[in-house]
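Here are my notes on the model you sent. They run from contacts at single residues to the chain as a whole, then to one sheet.

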Amino acid sequence: MKLYTSSQIVRAVLFSVAGTAVLACAIFFYRENKNQISNTTQIEYNEETVNSEQKNQFFEESQEVSSGMVVSSAAGFSKDEQQNIYVYEKCNEAVVNINTKETAYTWFLEPFVQDGGSGSGSIIDSEGHILTNVHVIQNASKIYVSLYDGSQYEAKIVGYDLDSDLAVLKINPPKGVILKTIEFGDSNKLKVGQKVIAIGNPFGMERTMTTGIVSGLGRPIQNSNQRIIRDMIQTDSAINPGNSGGPLLDTSGKMIGINTMILSSSGSSSGVGFAVSSETAIRVVSDLLKYGKVKRGVIEASLYQLDYRIARYAGLDIAQGMLVSEVTTGGNAEKAGLKGGTEAAYYGNRKNIIYLGGDVITQIDNIKITSLADYYSALEDKRPGDVVKVVIHRDRKDLEMKIKLSGE
């Protein structure tokens, strides 16, 4: 065993204490110097950010979304979450819950009022106009609109349009009530894969938000009123009963569609929903506010949907299209050379007579016409005075003519 003297032990302790002190001082000065450098760098970076538009992203990520909504970075929200929160806070108060009452009758033909349908709507201006679907308010004797704060108002129908399944309502809140509104966006700029957000009242749960993407564009879909609505937006955002009439929004909070229907075997969301485009809505709403209806161009003729029974009876070689029964004397169809039938026949019952032997319309402006729904769809966006190219079938041949549409 090696022995140490007391003096050696004292010297070793002193050296150890001195070393520890030196090391502690070194660590202290290192940390102080590091903090000073870090603070200086942060100040310089912040000053540079304030003075340079190219580095505004620093503030956007840490303090605010580009639209102006303040969200603390300390809250831990991702950029996608901040976007969702912003759109909801901007738009949810402009989404209303619509409930209807319907008049029914007893076995003794005594009328009574019962609950009707329900759905959603969007306040589109400060005057209290609300955009929704026709099928939400169809057959209603009373319509009630509930706002985000629980207040309820009876609404009146300004106008509706079966061809687009869109309707405009009007409420009259007391003076001093400021209504939140939703602005229309541009559906023409949508891309498949683009994020969209739906807000509505599914199953009566008010102002529920779901997110998804645009999963398809330009879809022609037949609605419950047997009308084909063209250029519909397809989305996988969850849409359920009660969402009808509510807004489909882009990430800036603008309405690019009106949620209208779903494809589902169960009646609930299956990830295939459809919305009427804002392009269609803007045009329809404009006419409804001005005239109470949509003014479309028409062909002045009496038309019937062709089927195999009529085709066989009339000896036709085609069984699809719109049969021209009669043309209005002096009307645009007659002027264009369209011909009606000459052989009278009962159609459905003895009170309804059609005339066979006339032309069959098979196409309008490159849209194939096989049914009445196709016919309405082809003329849905046409205005009085527009000229359409019409293909007809006559004497087993296809002919083409142009018809200038008249007003309704």
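1. A cut-off to begin with: two residues are in contact when heavy atoms of theirs lie within 4.5 Å. The model discussed here is a predicted one.

2. Which residues does T362 touch, leaving aside those up to four places away in sequence? The list is I318, Q320, I367, K368, I369, V391, I392 and H393. T362 itself sits in strand β18, which covers residues 360-364.

3. Is T362 buried or exposed? Its relative accessible area is 17%. Buried means under 20%, so T362 counts as buried.

4. V388 belongs to strand β20, residues 387-394. With a relative accessibility of 1%, V388 also falls under the 20% limit and is therefore buried.

5. What surrounds V388? Not counting residues up to four places away in sequence, V388 touches I364, D365, K382, M401, K402, I403 and L405. One of these partners, D365, deserves a distance. The C-alpha atoms of V388 and D365 are separated by 5.9 Å, while the two residues are 23 residues apart along the chain.

6. Now the whole chain. The secondary structure consists of 8 helices and 21 strands. The chain has 408 residues, and buried ones make up 39% of them.

7. How are contacts spread along the sequence? Take the contacts in the chain with a separation of 6 or more: 57% of them join residues 24 or more positions apart.

8. Surface next. The accessible surface of the chain is about 22,800 Å². Carbon and sulfur atoms account for 51% of that area.

9. One open sheet has 7 strands, with antiparallel pairing. The strand order is β5-β4-β1-β2-β3-β7-β6. The edge strands are β5 (152-154) and β6 (156-161), and each of them pairs on one side only. On average, neighbouring strands of this sheet are turned by 30° against each other, with direction ignored.

10. Look at the β5 edge of the sheet. Strand β4, residues 142-146, pairs with β5 in the antiparallel sense over 3 bridges. Y144 stands opposite E154 in β5.

11. What packs on the sheet? Helix α5, residues 278-291, does, and α5 touches β3 (129-133), β6 and β7 (166-170). The direction of helix α5 makes about 45° with that of β7.

Terms used:
Residues are numbered from 1 along each chain as its sequence is written. This is a predicted model: local features need pLDDT of at least 70, side-chain atom pairs count only at pLDDT 80 or more; totals for chains, interfaces and linings use all residues. Side-chain values use heavy atoms; hydrogens and water are left out. Helices (H or I, at least four residues) and strands (E, at least two) are DSSP runs, numbered from the N terminus. Buried means under 20% relative accessible area, exposed over 50%, partly exposed in between (1.4 Å probe, protein chains only). Accessible areas come from the Shrake-Rupley method with a 1.4 Å probe; for residues, only the protein chains shown count as cover. Two strands pair if DSSP finds at least two bridges between them. Axes are lines fitted to C-alpha atoms, for helices over the stretch in contact, and angles run from 0 to 180 degrees between N-to-C directions.
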